Amino acid sequence: MATDVAPLPSPACSPGQSSSKVTTPEEAGSGAESGGQGSEGPTSDSPPTSPDEALSPDDLQLLAKLEEQNRLLESDSKLLAFSGSRRNSGASLVSSSSGSSGQSHGEEEAAWPLWGQLVAEWEETTRKGSRGVKELVRKGIPHHFRGIAWQLLCGAQALPVKAQYSDLLKTASPCERLIRRDIARTYPEHGFFRQKDSLGQEVLFNVMKAYSLVDPEVGYCQGSAFIVGLLLMQMPEEDAFCVFVKLMQEYRLRELFKPSMAELGLCMYQLENLIQEQLPELNVHFQAQSFHTTMYASSWFLTLFLTTFPLPLATRIFDIFLSEGLDIVFHVGLAVLQAAQSDLLQLDMEGMLQYFQKSLPHMFDNNHDRLINLAFQVKYNPRKMRRLEREYNTQRSKEIQEQVEMKRLRTENRLLRQRVENLEKGQVIRAQESEEASALRREGSQLRQRLSQCQGELKKKETELAWLSQELEQKLCCADLKQEALQATLKAAQDRAAELERQGRALPDESNVARLTDEVRAARQREASAVSALEEMQEAVQQLQREWKSFVDGAGKRKAGHTAAQQQQEVLGLRFSEAQNEAELKITQHHLRQLQIESELQSSRLERAEKLAEKAKEDAQRVEGERVTLLSRLEQAQRRLAEAECRNKEEVMAVRLREVDGITAVLELQQRVAELEIQKEERQLQLQLEGNEGQPSMQALTAKIHELQTEVARLGGESGLDPSMTSPSSDEEFLSNPSISLLAENGCLFENGDIAHNAHSTSK
């Protein structure tokens, strides 16, 4: 694991304190908690340094420069919030042991003044020669100097693109979703990148997004995230971005990460040849097991062993990569294969895959220098590598040419196959034409039969139509007569109702009837009183008769006492009283008879008025019922008339539809003839290209077409159809036909005038 540059001793510190031990992030945190006391003494691996070994003024100046760099790192806006955790937690950064060069503390302390002077005098040292710098890098860069040394080694300390970094972060990138997806897969065990949406993941996303905008051709490749993650462990994100841009441009990484990955193919080819030359037995075993180089070596070049070895060893290899370029990957790869050759020869393909994933990464955990020494003991000839590159490019160009030629041959083969298929189709077309001709003859005979049937049905329907027209006219006349009779009856009923209304108005009203009723009652009372008076009169007469009888009986007794004169007077008085009573009786009887007559007259009038009123009501009800009946009969007659008209229209429509079906059949036959003519023209053109071999079949086809045309003309003549119906010269003439217009009005014509279009195309 890598670290930031730890705070360096200030120039005011004593020489012994500044050179006795380099302070790690963990020790810096513990020292701060203990009140800033001095660092511990030197380790047992390195002898103690005496105060006499003081630093030179140049070293002190270098220390001041490094301290200034540390302060700049701590004040970085992106890392300020995280600086406390980075200082107090060793898990979030590369610890001193994991990020160191694999040397002991004493060796690092001994190299520290040398690297300080080298960094301070970098330009002057590199002008004199880079051999000494390479030797120092191979021995390992102290982890405190690694961030600055990497920038100096690749020349990324003052790139113009650094000023664009903040603007790039504000711009959206098309690769953002892919970068977000792969962030969690980059160093998942490392504390700086382990937590989701942590600062480490955020700065890694920023750098990858910024580069995808700077270089859209490359965009984003998953392996590049491991390189950027290692850079972020050593320096701020702006510096890491600049170093990554420099690596992509000048260390062949851009060619490796291009979508075509042509540079990766070249590296695989060169490595295979080196294995074949230096490890022939292992090469034979790989070929026997079909264990290709890409199965284990692709990640070496794409991630520079960062996913193969632990970070301390991978960081050491990355130091050398910045100094010497991509050649270190070949050195380390061959050294690893050479060290593991005896184990790999005993494994099959699956075993070798497991070995490269589990055993190989920890082979050099305890001795990093052993791998570095083995790597530089490998025979490596740059001239031979350039020769292999030329061979690969030549082979690649030949493969490209072969691919182009193969594509051309495939295209020609496809065209030839199409021509063969067309020729075969031509023979098939001839057979199909003969079959179609026979089918057309059969269809012609069927159409003739169908046309004759249609003509018979048409004549039958015309006869039925004429009969239906006559029957409909008769029904219409009968309906008109019935309607007139009903209207006359209705008018008579209305007149009768008016007359009854007038008679009803002439009858006595209810007040007169009440008055007559009162008079009848009074007359009956007078009659009753007269009857009672008559009865009294009769009783008086009877009393007189009794008295007369008693008088006659007592007359003999009174003969002696009365005279004749007295008797005569009494008789006359009695007769006068009797006559007077009879007169009164007659008068009373006369009045009674008058009253009876008047009562009978009033009763008869009243009964007649009641009968007339009831008769008037009955007549009114009867007239109303007759009127309702007549109206219902009139509505039924009108409905039957409308139904008859609808049936007549439907039958006429059916007849015309059958007529149109016959016309359509003829038009379809004409269309088939037109299609055969088109096929004939196409066949003529094809025969002109192929020769005059198919001339007999062409003549036969022409004769068949003429025969079909003759049959169509004969069918049109037999059907008695209008020539404009069988072969219209235009869409307007076809659509102007009465039958077609009727179909169009009733929604029976094909959509968008397909019949007219077909007919027009047939005539063409």
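These questions and answers look at two cysteines and one pair of helices in a predicted model.

Reader: How do you know that Cys-477 is in no disulfide?

Author: A disulfide needs two cysteine sulfur atoms within 2.5 Å. For Cys-477, the nearest cysteine sulfur belongs to Cys-478 and is 6.9 Å away. That fails the cut-off, so Cys-477 is in no disulfide.

Reader: What about Cys-478, and how many disulfides does the structure hold?

Author: Cys-478 is in no disulfide either; its nearest cysteine sulfur, that of Cys-477, is 6.9 Å away. The structure holds zero disulfides.

Reader: Why is Cys-477 called partly exposed?

Author: Buried means under 20% relative accessible area, and exposed means over 50%. Cys-477 has 47%, so Cys-477 falls in between. Cys-478, at 44%, also counts as partly exposed.

Reader: Now the helices. What makes α13 oblique to α14?

Author: The axes of α13 (residues 199–214) and α14 (residues 224–232) cross at roughly 120°. Roughly perpendicular covers 65 to 115 degrees, and roughly antiparallel starts over 145. The angle fits neither class, so α13 is oblique to α14. The crossing is right-handed.

Reader: Which residues make the contact?

Author: From α13 come Val-203, Leu-204, Val-207 and Met-208. From α14 come Ser-224, Ala-225, Val-228, Gly-229 and Leu-232.

Reader: How many of these residues are nonpolar, polar or charged?

Author: Seven are nonpolar, two are polar and none is charged. Gly counts as polar, so Gly-229 goes in that class.

How values were computed: Residues are numbered from 1 along each chain as its sequence is written. This is a predicted model: local features need pLDDT of at least 70, side-chain atom pairs count only at pLDDT 80 or more; totals for chains, interfaces and linings use all residues. Side-chain values use heavy atoms; hydrogens and water are left out. Buried means under 20% relative accessible area, exposed over 50%, partly exposed in between (1.4 Å probe, protein chains only). Axes are lines fitted to C-alpha atoms, for helices over the stretch in contact, and angles run from 0 to 180 degrees between N-to-C directions. Helices (H or I, at least four residues) and strands (E, at least two) are DSSP runs, numbered from the N terminus. Angles under 35 degrees count as roughly parallel, over 145 as roughly antiparallel, 65 to 115 as roughly perpendicular and the rest as oblique. A crossing is left-handed if the near helix is turned anticlockwise from the far one by less than a right angle, and right-handed if clockwise. Contact means heavy atoms within 4.5 Å.
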